Amino acid sequence: MKRLLTLLAIAAVLASSLVACAPVPQVIEKEVVVTATPVPVVVEKELTVYHWWTAGGEKQAMDVIFKHFRAANPDIKIVDNPLAGGGGITLKTVMQGMLAAKMPPDTFQSLSGSELKMYVDGAYLDPVDDVWAANNLDTNYPAVINKMVTFNGKKYGIPMNAHRANWLFYNVPLFKELGLEPPTNVDELIAVAKAIKEARPEVSPIGLGSRDKWTAIFLFDVVLLSEGGPDVYEQFYTGQLDVETDPVIRAAMEKYKALIPYLYPYHGAKIWSDIPGPLGEGQIGMMVIGDFAAAQLVQAGYVEGTDWEAVGFPQEPEEVFLMIVDTFTRPVGIKHPEANTAWLNNLADPDTQAEFNIIKGSIAIHKDVPDSNYPDDLHQRASAAFKGKRIVPASAHGALAPQNFLSDWQDILTRFLYTGDVDAALSQTALVMTSYDVAGQSEWYWAK
Ligand code: BGC
């Protein structure tokens with residue numbers, strides 16, 4: 001019909017121009033009346049999803065979510081939009097543009113905590129209290145998860161897993177060959193790195209892929225936890241300390257500097273997912289990263305206990321569970337609200353979580369998923385740590401520090417890995433903490 005109307009319009013234009021050129025007036029013999037026959041509007045049942053799970057292990061885990069969704073909603077077509085960029089670095093930028101332009105997808109990935117708050121503050125999200133209540137998540141999820149999605153008294157996302165950010169992965173044959181024990185604090189980390197460098201100069205003692213920058217924060221975070229413990233960690237990232245004068249922060253920066261000679265030298269050219277392979281092969285001795293690296297090692301065929309192992313790090317002064325929570329949202333003004341509800345319900349389902357988390361490297365947060373769900377040691381230890389250790393929201397990947405601060409902070413740290421200038425790093429950090437009012441932005445975290 002649209003085409004017919006267009007053709008008629010073109011014909012009319014042509015006709016009128018012909019009339020204009022014609023020497024004699026044209027006689028219109030018969031008037032053509034076009035009556036618009038109503039065409040039924042077919043609203044496709046679909047769900048547009050944006051996420052960043054493209055690396056080995058991540059993609060396979062997302063396929064599990066899709067499988068469960070399709071089984072429960074065979075009539076809804078999934079329009080999948082994976083955006084590469086670990087931790088959502090690309091997605092965050094793309095999403096800000098789409099949301100500002102009022103072109104929201106039906107759902108997109110975020111991280112619970114300050115990252116989610118950023119979208120809430122922008123008035124880009126609708127609450128999901130209906131899904132929360134329907135799945136009884138006040139009871140079925142731990143209180144700490146509840147806190148990370150609640151802003152202004154409402155829930156703004158449905159999480160389905162907890163990643164642990166503070167794992168130290170290491171190559172087992174190398175450690176056996178050199179008679180090394182996994183380090184428990186930053187001083188031991190430096191000592192083990194030194195031992196590797198002396199015995200096997202061709203091996204990089206500590207792997208890092210800092211092209212995406214956030215990995216530099218992951219490494220700093222375990223150094224800070226080792227030097228200051230979890231209280232200092234939380235105070236630092238919520239703007240409670242005077243960074244320029246605080247002795248613990250300075251000590252952490254000094255220890256971070258002491259790691260530089262042991263890092264994989266071309267770290268600026270690599271991203272996180274470039275590192276697990278060489279670690280599995282023994283070209284890299286250790287790396288500090290979340291348990292999404294375990295998923296990638298497993299997918300690539302490296303065996304836990306034989307090729308690689310991971311320990312919670314640091315274990316001194318206190319071993320904590322540094323938590324990252326993957327979450328999906330309900331943007332304002334979406335085209336397919338029913339599909340969004342179905343999607344969020346699926347994420348809260350313990351069966352989906354059970355299967356997804358085995359592949360993803362993270363642990364389920366629904367209490368109906370038992371520890372025995374996991375066939376491997378790493379998951380079982382993560383699950384035990386989640387229940388038994390203090391849970392601290394990770395700074396990077398959304399949970400604790402405000403997003404605008406994190407962006408500058410990762411620049412400061414990646415620069416520092418080349419300059420090693422402690423004074424400059426501390427004064428720059430103090431400056432961005434003040435100018436972004438990190439303390440003010442973090443009030444939600446301390447609110448009772
Ligand atoms: C997410 C993980 C993901 C990792 C790397 C983190 O922010 O929580 O699910 O595997 O980024 O992309």
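**Exercise 1. The ligand shell**

List the residues around the ligand and sort them by character.

*Solution.* Start with the criterion: a residue is near a molecule or strand if its C-beta atom, placed from the backbone, lies within 6 Å of it. The residues around the ligand are then W52, E58, G86, G87, L111, H163, F292, I324, D326 and H397. Next, apply the classes: Ala, Val, Leu, Ile, Met, Phe, Trp, Tyr, Cys and Pro are nonpolar, Asp, Glu, Lys and Arg are charged, and the others, Gly among them, are polar. The shell divides into four nonpolar, four polar and two charged residues.

A word on the ground rules: residues are numbered from 1 along each chain as its sequence is written. This is a predicted model, in which local features need pLDDT of at least 70 and side-chain atom pairs count only at pLDDT 80 or more, while totals for chains, interfaces and linings use all residues.

**Exercise 2. Confidence**

Find the mean pLDDT of the protein chain, then look at residues 1-32.

*Solution.* Recall that pLDDT is the predictor's confidence in each residue, from 0 to 100. The mean for the protein chain is 91, and 90% of its residues reach 70 or more. Over residues 1-32, however, the pLDDT is below 50, and this stretch has six contacts in the model beyond near neighbours in sequence. Here two residues are in contact if their C-beta atoms, placed from the backbone, lie within 7 Å.

**Exercise 3. Two domains**

Describe how domain 1 and domain 2 meet.

*Solution.* First, take the bounds, which come from an automatic or database domain assignment: domain 1 covers 46-163 + 323-391, and domain 2 covers 167-319 + 397-446. Their centres, taken over C-alpha atoms, are separated by 26 Å. Then count the contacts: 35 residues of domain 1 touch 29 residues of domain 2. Among the elements that each supply at least two residues of the domain 1 side are α2 (58-72), β3 (107-111) and α4 (114-121); helices (H or I, at least four residues) and strands (E, at least two) are DSSP runs, numbered from the N terminus. The largest share, five residues, comes from α4. Finally, this side of domain 1 divides into 15 nonpolar, 12 polar and eight charged residues.

**Exercise 4. A four-stranded sheet**

Work out the strand order of the open sheet and locate its edges.

*Solution.* Two strands pair if DSSP finds at least two bridges between them. The order is β8-β9-β7-β10, with mixed pairing. The edge strands, β8 (204-207) and β10 (308-312), each pair on one side only. Looking closer, β7 (residues 167-171) runs antiparallel to β10, joined by five bridges. In β10, E309 is the bridge partner of Y170.

**Exercise 5. Backbone exceptions**

Which peptide bonds are cis, and where is phi positive?

*Solution.* Most residues other than glycine have a negative phi, and most peptide bonds are trans. A cis bond joins F313 and P314, with omega about -5 degrees. The bond from E316 to P317 is also cis, with omega near 0 degrees. P314 lies in the loop between β10 and β11, and P317 is found in the loop between β10 and β11. For phi, turn to K102, whose value is positive, near 55 degrees.
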